[in-house]
Amino acid sequence: AGRHFIDLWHLDHVELREILDMAHAMKKARAGWPKGRVDDGAPLEGHTLAMIFEKSSTRTRFSFDMAMRQLGGSSITATSSDMQLGRGETIDDTARVLSRYVDAVMIRANDHSDVEAFAEFSSVPVINGLTDRSHPCQIMADLQTLEENGLDLRGARIAWVGDGNNVCASFIHAAAKFGFSLAVGTPARFAPDDEDLDIARELQGKIDLFETAEEAVAGADVVIADTFVSMGDKDAERRLEILEPYAVTEDLMELANKGAHFLHCLPAHRGEEVDPEVIDGPQSLVFDEAENRLHAQKAVLRWCLEK
Ligand code: CP
Ligand code: NVA
């Protein structure tokens, strides 16, 4: 029963639109309520989400936990090193066992194929809470944030600058589904993976690749940055050096459309991938974006569980 949420390109545009609309509606419906109060109708009453973390997390961990509480359900969190997973128990067995206890599983994993394997052996929905390859929950929150700030995604121009990483990959998957074009500005060595570009091509997504931040940002409605050193990257020093010209500065923002929004999934490194004047300035939506992880994930959880 239920449906997995592993990558955005697995869902059709109608389903993704439904999730985003549900996120907007649920956020609106509980405006002004105490954060711990349960939503009307307690849509996931009696349901429990297990959360497994192989890597650190602030937003994903707390927003999913609060999402389950607000939906009337509960959650159980463990790091993989708390579990027998950390001592070599297989993903397959872990998935089969947890499926007997809980109604859904959210996993943050080092290796994307582990989430796919978990989904294969799980009889309950599995949600990708970030892997080395993608971060679909983040993009749902980001798109919710842009829409609530008046951006029509259809025909919008979104610029990604810096490292063509996991978060960038999920934007690449989302472009065709939501009808925006994506301009990606990265050094050649940190360009997005061909596999993700092939997925976008097959979906007829409009992705333009550039080797400078300036070209990517020109004429953009939104500028997005992320850390230059993701969890699991071993070459921090080299990355910081090569990616330095891709920092989002006030001068770079000037090249985007007037009033362009700035997004960053956080955690941020001021003075590395973004200047404080930008991330803490009037164009930045980063804290609405962080809040919307809660609302968007509530919609994802309902989509997974209410089928
Ligand atoms: N943006 C995001 O996923 O944050 P966490 O790593 O804190 O969960
Ligand atoms: N690209 C970053 C995102 C963190 C939420 C990482 O994978 O570490």
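Guide: Ala, Val, Leu, Ile, Met, Phe, Trp, Tyr, Cys and Pro count as nonpolar, Asp, Glu, Lys and Arg as charged, and the others, Gly among them, as polar. By that rule, the shell around ligand 1 has two nonpolar, five polar and three charged residues. The model is predicted: local features need pLDDT of at least 70, side-chain atom pairs pLDDT 80 or more, while totals for chains, interfaces and linings use all residues. Residues are numbered from 1 along each chain as written, chains are lettered from A and ligands numbered from 1 in written order, and side-chain values use heavy atoms, without hydrogens and water.

Visitor: What puts a residue around ligand 1?

Guide: A heavy atom within 4 Å of the ligand. S57, T58, R59, T60, R108, H135, Q138, C265, L266 and R293 meet that.

Visitor: What makes the T58 pair with ligand 1 a polar contact?

Guide: The limit is 3.5 Å between N or O atoms. A polar backbone atom of T58 is 2.6 Å from a ligand oxygen, so the pair qualifies. The side chain of T60 has an N or O atom 2.7 Å from an oxygen of ligand 1. At L266, a backbone N or O atom lies 2.9 Å from a ligand nitrogen. The protein buries 95% of the 260 Å² that ligand 1 exposes alone (Shrake-Rupley, 1.4 Å probe).

Visitor: Why is the space lined by I52 and F118, among others, called a cavity?

Guide: Because a 1.4 Å probe fits there but cannot get out, on a 1 Å grid over the protein atoms alone. The largest cavity has a volume of about 40 Å³, the space filled by probe spheres set on the points. Its lining, residues with an atom within 4 Å of a point, has six nonpolar, no polar and two charged residues.

Conventions. Polar contact = N/O pair within 3.5 Å; in protein donor to acceptor, adjacent residues only side chain to side chain. 1 Å grid on protein atoms, 1.4 Å probe; cavity = no way out; pocket = protein on both sides within 12 Å on 5 of 7 lines; lining within 4 Å.
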